[in-house]
Amino acid sequence: MGKKVRKESETPCKETIEPLPVEGKTPATVVLLLRSPEEDILVKACEAIHTFAEKGDESKVSLLGLGALEPLCQLITHNNKLVRRNAFMALGSMATNDDVKGALKKIDVIPSIIDKLSFDEDMVVHEFATLCLACLSVDFICKVQIFDNKGLPCLIQLLSSPDPDVKKNSLEIIFNLVQDYQSRLAVHELGGIPPLLELLKSDFPVIQHLALKTLQNVTTDKETRNTFREEQGFEKLMDILSSVDFSDLHTEALKVLTNCVSDSESLQLIHKGGGLTRLMEFVLTPNMPEIQSSAVKCIARVSQSSENRKLLHEQNVEKVLVELLSVADVSVKAATCQAVSAMSLHLASKDSFRDLGGVPAIVQLLNNESLVLREAATQALFNLTHSNQLNALEAYEAGGHEILVQQLCGSCPKMVANSAATLGNMAGQEAIRCSILSHGAIQALVEPLKSTDTQVLVTSSQCLAMLVCDTEARAELQSAGGLLPLVNLLRSSHKQVLHNACMAINVCASDEHTAVEMCKFGALEMLQEINQSLNRRNSFSELAMLSLLNTNLSVKYSLTGHLASTDTIRDGFYDVGKACAGRRTLTLEELSNQPVNQHRPIIAVNTAIEETADVPEEKQSNPLETETSSKGDRRTSRREKKKQDDNPAQPVSPAGKPWKRMEDVSLQLLVKEAKEAILPLNDEREQYAALARLVSEAMGGAVEQKKLHEFPWVLHLSQLKFQLQSNVVPIGLISKGIYYHRALLFKCLADCIGLTCTLERGEYNRAWNEVLLFSRDPSTKGRPSQPCRYIVDLMHQPGSLLTANTPAAVQYQTI
């Protein structure tokens with residue numbers, strides 16, 4: 001190694017051992033000398049290794065391969081101070097290499113190093129011991145070992161060392177340790193704040209930077225901030241910020257400041273000392289963009305507290321921020337948007353930003369090329385327009401809505417989420433909503449509804465709920481393929497996504513065609529499952545299901561077995577029977593296209609008159625051609641129907657034609673007869689009774705209870721299905737109907753002529769209608785009486801009104 005070391009050897013002329021110079025020709029030889037019992041040789045060997053290691057990483061790796069590490073780790077605890085010092089120098093030099101560092105982690109050397117950090121130890125030992133620990137402390141396991149072996153107290157003491165290298169190394173170790181919460185608290189408890197603040201005065205920038213970075217970590221703790229404030233930490237930071245000579249420290253100083261003013265108590269004390277005013281002045285002082293950006297971020301952090309927002313508002317911070325929106329640097333503008341966003345949570349600040357022209361200024365930033373700036377601008381606009389119609393109008397007049405719609409197609413999830421949320425805020429005003437829709441918002445929202453980002457799903461579904469308030473928007477959503485992804489959101493486990501999806505579905509369900517389409521995608525089944533779950537159901541899930549059912553009465557009757565008096569049966573209604581739990585109710589078209597089966601027929605309602613223009617005469621016939629041949633007279637044609645239905649003809653359904661509902665001429669005639677014969681009656685009771693008799697006559701007349709089993713309704717329905725070659729049977733063709741056929745026909749005719757009644761499904765083919773009438777009680781002497789519910793008898797004594805819950809009514813409802 002080119003270094004002479006002394007070696008003791010015997011001489012014939014002296015009794016004492018004289019050191020002799022020995023030339024170490026190779027590193028291997030010197031590494032072997034590390035195991036010598038001679039202290040002088042150890043001193044020289046360690047010194048030689050230190051010198052060789054300083055030559056570079058190749059030398060360090062070479063020494064590692066020669067096995068120098070293990071004996072050096074032993075020699076740092078040697079009794080001889082000079083041996084210890086040189087051993088630490090050699091070990092510290094080698095430890096800066098990654099390979100050596102990896103090998104050191106496998107040796108339990110940290111306790112030995114920490115043991116030599118006491119003040120009575122040589123300063124050179126402190127320097128290279130802390131250098132070793134600084135290299136090791138980047139590793140999590142080593143940090144734990146340093147902490148567990150009481151390294152922090154020693155390191156905090158060494159912050160006051162007269163040697164700058166010791167300070168720097170100790171500070172670096174502490175900085176690495178305080179990345180963890182436990183060490184951050186320990187630094188405060190061990191009195192580490194005063195020496196850290198003292199290091200801000202250091203003549204060495206690297207020490208000042210490390211001290212500020214360490215303070216940034218430890219001041220995230222409230223108790224530490226209190227101590228920091230008591231030690232005049234804020235004043236020392238402001239001294240740094242006020243000095244041009246310390247401009248390289250401004251960024252780190254502002255980050256520490258951000259922590260220290262985040263709670264209202266600290267900010268109030270700082271404000272009383274004039275610190276807040278100084279901070280505002282500093283923000284507006286032309287500076288390096290990075291520093292100015294950090295200063296604005298400090299304000300944004302301060303604004304997280306409602307008390308702080310109020311105080312900042314009193315200091316007219318809005319004026320400062322609006323001015324910063326026009327600076328050239330993108331990072332400053334992005335940070336300013338974040339501060340505007342935070343301050344906008346204060347109601348008075350929203351008005352201030354509008355009065356100062358802040359809303360149009362932020363809208364302009366939406367066109368910037370910087371994705372970070374556009375994201376921050378959309379967030380600011382969202383908070384500015386939230387529950388503030390004037391700001392929403394301001395953003396609209398500045399053209400913000402058009403740009404936001406375009407940004408819905410962006411690739412940045414946060415920007416898409418913010419844009420959707422802002423559009424949702426703006427859509428509360430009809431004029432703005434119409435303009436948003438005109439720029440293709442519905443189409444643009446379809447892809448966000450398929451996103452995997454939770455926040456995008458939350459805001460896009462909420463925005464959609466605000467936009468689909470009119471029929472055209474709902475039709476556009478359907479044609480754009482948006483209903484399926486909307487319904488799929490019902491599978492989400494995220495509460496807010498699920499809540500908003502239910503809200504949007506509830507709005508969409510006000511349109512019957514849209515409701516039917518959503519049911520095709522399984523919306524009802526999913527909503528049923530949601531409403532049965534204690535954890536997933538919400539305020540809108542039940543409402544969404546009810547809305548879907550109210551615009552799809554066929555499914556509502558199938559699922560609930562009940563139609564209210566306000567539920568009006570219209571053309572296209574069908575009774576498929578009681579729904580099976582968890583199974584989707586098929587549409588009438590889907591049921592019509594199924595092969596004829598042995599199950600109960602589906603009873604369909606259609607009073608519409610078929611259009612005959614441009615249709616060949618032979619294709620204009622009723623599904624039962626014989627029925628339409630004798631409809632000249634209303635009463636006669638209905639009576640002829642009973643005879644002709646015993647031998648119905650097969651319907652004509654040309655191949656290749658679009659599916660359409662079967663025409664039901666008999667039902668049309670029944671509606672016409674009901675209007676002509678029942679509406680003129682003055683007594684409401686008589687109207688219901690007459691309608692009941694009309695239904696009974698159309699469905700086979702009265703049937704005695706004891707002869708009910710002889711009534712051939714099952715055979716009759718089977719014949720109709722066979723002749724029609726369809727599982728769907730128009731209700732007007734049924735001439736032998738039982739309870740559930742008659743109750744449905746009664747409800748249908750009542751709805752057509754303006755009478756009100758319910759439709760209730762029972763067990764075993766039972767169904768009935770309830771009507772609400774005022775009782776005829778002579779004791780009231782003409783005064784209004786309480787209304788009473790009645791069951792209408794359609795089967796045994798047609799026209800009789802059975803008081804609900806009486807034995808007669810219960811008998812009618814059950815077997």
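**Loops, a small sheet and a surface patch**

Asn-765 sits in the loop that links strand S7 (759–761) to strand S8 (767–768). The model described here is predicted. The phi angle of Asn-765 is near 65 degrees, a positive value in a residue other than glycine. Its relative accessible area is 34%. Asn-765 is therefore partly exposed, since this value falls between the 20% limit for buried and the 50% limit for exposed residues.

Gln-725 also has a positive phi, near 50 degrees, and is likewise not a glycine. This residue lies in the loop between helix H45 (713–724) and strand S6 (728–730). Gln-725 is partly exposed, with a relative accessible area of 41%.

Strand S6 belongs to an open sheet of three strands. The order is S4-S5-S6, and the pairing is mixed. Strands of a sheet pair through backbone hydrogen bonds, either parallel or antiparallel. Strand S4 (574–575) and S6 stand at the edges. Each has a single partner strand, so one side of each has no neighbour in the sheet. Helix H45 packs on the sheet and touches S5 and S6. The direction of H45 makes about 105 degrees with that of S6. Strand S5 (residues 602–604) and S6 run parallel and are joined by three bridges. Ile-603 stands opposite Val-729 in S6.

A nonpolar patch lies on the surface elsewhere in the sequence, formed by Phe-140, Ile-141 and Val-144. Together these residues have about 290 Å² of accessible area. Val-144 is part of helix H9 (residues 140–148). Its relative accessibility is 33%, so Val-144 counts as partly exposed.

Notes. Residues numbered from 1 in each chain as written. Predicted model: local features only at pLDDT ≥ 70, side-chain atom pairs only at ≥ 80, totals over all residues. Heavy atoms only, no water. Helix = DSSP H or I, 4+ residues; strand = E, 2+ residues; numbered from the N terminus. Buried < 20%, exposed > 50% of the residue type's maximum accessible area, 1.4 Å probe, protein only. Patch = residues over 30% accessible without salt bridge, like charges linked within 9 Å, V, L, I, M, F, W, Y side chains within 5 Å. Areas by Shrake-Rupley, 256 points an atom, 1.4 Å probe, with all protein chains shown as cover. Salt bridge = Lys/Arg side-chain N within 4 Å of Asp/Glu carboxyl O. Pairing = 2+ DSSP bridges. Contact = heavy atoms within 4.5 Å. Axes fitted to C-alpha atoms, helices over the stretch in contact; angles between N-to-C directions.
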